[in-house]
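Please open the model in your viewer and keep the sequence panel beside it, so that each selection can be followed in both places. The tour moves from stop to stop, saying what to select and what is there.

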Amino acid sequence: MSGVLLAGGAVAALFASALSAQGVSPAPDAPSEKIQISVRTVNGSGCPQGTAAVAVAADNTAFTVTYSDYLAQVGPDADPTDIRKNCQLNLGVHVPQGFTYAIAQVDYRGYGHLEKGAQGTEKASYYFQGSADTASRTHDFSGPYDDNWQTTDSTDYSALVWAPCGQDRNVNINTELRVSAGTSPTGSTSFMAMDSTDGGVNTIYHLAWKECSSSVQ
């Protein structure tokens, strides 16, 4: 069974039967064998070719996606299309045999400069390949603002959605930055930049692990 990684109430209600179908049992520790994550495809104005990279934590508890050219802005020197930037990543994930995983928390960070009256938005969604459902989280910012920003999307353990046992299933990660001039002074510039996306501290995709039963290997 595949599904939305950041699950809502409806998915949580189905969680118990999903675990039974997958044959998983709690595993407090991450597997010692290294997981393998590769970028299969990259699309979007916020991540031109060669500007997104993935790194896996040594202890398998998280992975990080780093962006080097992810900036949405509005102002006299900005193009009309610069008000919205997005990035769609398709990640190939191979986990050690006998384990399955879920994304428990994601931290985003960047820098924003919003003039008084301007608005900024950060939006993200996650889902396994083949899933028909997608849940998204949106965070809004209002000017005046001139500082680093960080947002966190987390899911209760009981509501996590797990990758299918015994299968390598790609993960799709979609992010978006948007800036609106609003009532800000004419000729002023406002922007939002995303430094990195990851699951753990300092913008990292935090992973939760479970062991798969031998019957589903």
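What follows is a walk through a predicted model, beginning with the disulfides and ending with a few places in the loops.

Start with the cysteines, where the count comes to two disulfides, and where the pattern is 1-2, 3-4 when bonded cysteines are counted along the chain. Select Cys47 and Cys87, which are joined by a disulfide with an S to S distance of 2.2 Å. This pair links distant parts of the chain, since Cys47 is in the loop between β2 (36–43) and β3 while Cys87 is in strand β6, 40 residues apart. Both Cys47 and Cys87 are buried. Which hand does this disulfide of Cys47 and Cys87 have? The torsion about its S-S bond is about 100 degrees, so the disulfide is right-handed.

Next select Cys165 and Cys212, the pair joined by a disulfide with an S to S distance of 2.1 Å. Here the torsion about the S-S bond is about -85 degrees, so this disulfide is left-handed. Because Cys165 lies in the loop between β10 and β11 and Cys212 in strand β13 (residues 205–212), the pair ties together parts that are 47 residues apart in sequence. Cys165 counts as buried at 8% relative accessibility, and Cys212 counts as buried at 11%.

Now select strand β8, residues 119–128, of whose ten residues seven are buried, so that the strand is largely enclosed by the rest of the structure. Add strand β11, residues 171–180, to the selection: ten bridges join β8 to β11, and the two run antiparallel. To look at one of these places, pick Glu122, whose bridge partner in β11 is Leu177.

Turn then to the loops, and select Pro76, which sits between β5 (71–74) and β6 (84–94). Is Pro76 buried or exposed? With a relative accessible area of 55%, Pro76 is exposed. Leaving aside residues up to four places away in sequence, Pro76 touches Gly187, Ser188 and Thr189. Pro76 and Gly187 are 111 residues apart in sequence, yet 5.7 Å apart in space from C-alpha to C-alpha.

Select Asn60, in the loop between β3 (52–56) and β4 (62–67), where phi is near 65 degrees, a positive value in a residue other than glycine. Asn60 is buried, with a relative accessible area of 1%.

Finish at Gly143 and Pro144, which are joined by a cis peptide bond with omega of about 5 degrees; Pro144 is found in the loop between β9 (135–142) and β10 (145–154).

Methods. Residues are numbered from 1 along each chain as its sequence is written. This is a predicted model: local features need pLDDT of at least 70, side-chain atom pairs count only at pLDDT 80 or more; totals for chains, interfaces and linings use all residues. Side-chain values use heavy atoms; hydrogens and water are left out. Helices (H or I, at least four residues) and strands (E, at least two) are DSSP runs, numbered from the N terminus. Buried means under 20% relative accessible area, exposed over 50%, partly exposed in between (1.4 Å probe, protein chains only). Two strands pair if DSSP finds at least two bridges between them. Contact means heavy atoms within 4.5 Å. A disulfide is a pair of cysteine sulfur atoms within 2.5 Å.
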